[in-house]
Amino acid sequence: EDKLFADKRESPRARPKQQKYVTLQTDSGESGRFPLFDLSQGGMAFVVLDENQFTKGAMIYVFGIDAKVLDDPLIGKVMSVRSLDESKIEFKVGVKFEEGQE
């Protein structure tokens with residue numbers, strides 16, 4: 001799927017060489033730390049075990065990546081929640097960052 005849409009993306013996505021985690025909060029106030037799947041200038045994806053934990057259209061605020069705390073949170077919108085593979089044990093949450101952030 002990632003290769004299928006690679007030519008349509010504005011920014012190339014990079015997968016971390018070693019496991020990294022994102023710390024975030026939803027617009028409903030839930031917060032947590034999740035494994036980072038990939039990251040680009042325009043968005044990111046992270047992994048969850050419960051496909052219902054995030055819903056399409058929800059706003060999220062990213063406060064940190066691993067030990068690095070961001071000065072200003074990155075604001076994004078959940079664009080998709082998809083199974084990572086046929087086992088349907090892990091799910092990838094795709095996020096598009098809001099425009100105009102630095």
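Which residue in β5 does Met59 stand opposite? I will come to that pair by way of the whole sheet, after a word on the model.

What we have here is a predicted model, in which local features need pLDDT of at least 70 and side-chain atom pairs count only at pLDDT 80 or more, while totals for chains, interfaces and linings use all residues. Residues are numbered from 1 along each chain as its sequence is written, and side-chain values use heavy atoms, with hydrogens and water left out.

Six strands close into a barrel, in the order β1-β2-β3-β6-β5-β4, with antiparallel pairing; strands here are DSSP runs of E of at least two residues, numbered from the N terminus, and two of them pair if DSSP finds at least two bridges between them.

Within that barrel, strand β4, residues 59-65, pairs with β5 in the antiparallel sense over six bridges, and the residue that Met59 stands opposite in β5 is Lys77.

Met59 is also among the contacts of Thr26, which, neighbours within four places in sequence aside, touches Phe54, Met59, Ile60 and Tyr61, contact meaning heavy atoms within 4.5 Å. Thr26 belongs to strand β1, residues 21-26, and is buried, with a relative accessible area of 7%, where buried means under 20%, exposed over 50% and partly exposed in between, using a 1.4 Å probe and protein chains only.

Returning to β5, which spans residues 68-83 and includes Met79, we find that Met79 is partly exposed at 38% relative accessible area, and that, not counting residues up to four places away in sequence, Met79 touches Lys56, Gly94, Val95 and Lys96.

Definitions and conventions: Helices (H or I, at least four residues) and strands (E, at least two) are DSSP runs, numbered from the N terminus.
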